[in-house]
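This report describes the pockets of a single protein chain and the packing of two of its helices. The sequence and structure are shown first.

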Amino acid sequence: MYNLAMAKQKLLIGFHAVTARLRQDATGVTDVYVESARRDRRMQDFIRLAESLNVRLHPVDAERLRGMAGTDRHQGVVARAEDVALALNLDELLDGIEGTPLLLVLDGVTDPHNLGACLRVADGAGAQAVTPRRTAAWA
């Protein structure tokens, strides 16, 4: 029976998305599916991280990941995770940050590739939030 109070789940696809979520809140990640044929260092490091956070890992073949992700561009990692409640306004966001906040506000970034680069840099720098000011690739 479906419980309406249950948190809505979504799929996270790829190393960046899943790793960022594990670092943010691993308790909300219910299952991680990894490509069993991948044994490279990046996958080994990822598996160690997931195991250290007591996340349930499922080795599967690439075909299963392709079916889950709906694309071949899954990088060998797909996760099921509960939705995260997002801040509704700047004050709410800032209230939830301990220490000095690092925010990235994007103005007019319309190219999805540029947006991706901005998000990767923000993640690497430890930014707590990225938001558009005006028209943006995700708007």
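For the composition of a lining, Ala, Val, Leu, Ile, Met, Phe, Trp, Tyr, Cys and Pro are counted as nonpolar, Asp, Glu, Lys and Arg as charged, and the others, Gly among them, as polar. The model under discussion is predicted.

**Overall architecture**

The chain contains five helices and six strands. Read from the N terminus, its elements follow the order β-α-β-α-β-α-β-α-β-α-β. The C-alpha trace spans about 40 × 35 × 30 Å along its principal axes.

**Pockets**

The two pockets are set side by side below.

| Pocket | Volume | Nonpolar lining residues | Polar lining residues | Charged lining residues |
|---|---|---|---|---|
| Largest pocket | about 1,700 Å³ | 24 residues | eleven residues | seven residues |
| Second largest pocket | about 180 Å³ | three residues | two residues | four residues |

The largest pocket, with a volume of about 1,700 Å³, is lined by 42 residues, of which Ala20, Leu119, Gln128, Ala129 and Val130 are the closest to its centre. Six elements each supply at least two residues of this lining: strand S1 (9-13), helix H1 (15-25), helix H4 (90-95), strand S5 (103-106), helix H5 (112-125) and strand S6 (129-132). The largest share comes from H5, which provides eight residues.

The second largest pocket is lined by Phe15, His16, Thr19, Arg23, Arg42, Asp45, Phe46, Leu49 and Asp123. Here H1 and helix H2 (41-52) each supply at least two lining residues. H1 also supplies at least two residues of the lining of the largest pocket.

**Packing of H1 and H2**

How are these two helices arranged relative to each other? H1 and H2 pack at an angle of about 25°, and their axes lie 11 Å apart. Angles under 35 degrees count as roughly parallel, and H1 and H2 are therefore roughly parallel to each other. H1 passes H2 in a left-handed crossing. On the H1 side the contact is made by Phe15, His16, Val18, Thr19 and Leu22, and on the H2 side by Arg42, Met43, Phe46, Leu49 and Ala50. By class, this contact of H1 with H2 has seven nonpolar, two polar and one charged residues.

Several residues of this contact, including Phe15, His16, Thr19, Arg42, Phe46 and Leu49, also belong to the lining of the second largest pocket.

Notes. Residues numbered from 1 in each chain as written. Predicted model: local features only at pLDDT ≥ 70, side-chain atom pairs only at ≥ 80, totals over all residues. Heavy atoms only, no water. 1 Å grid on protein atoms, 1.4 Å probe; cavity = no way out; pocket = protein on both sides within 12 Å on 5 of 7 lines; lining within 4 Å. Points joined across faces, edges and corners; volume = space filled by probe spheres on them. Helix = DSSP H or I, 4+ residues; strand = E, 2+ residues; numbered from the N terminus. Axes fitted to C-alpha atoms, helices over the stretch in contact; angles between N-to-C directions. Parallel < 35°, antiparallel > 145°, perpendicular 65-115°, else oblique. Left-handed = near helix turned anticlockwise from the far one by under 90°. Contact = heavy atoms within 4.5 Å.
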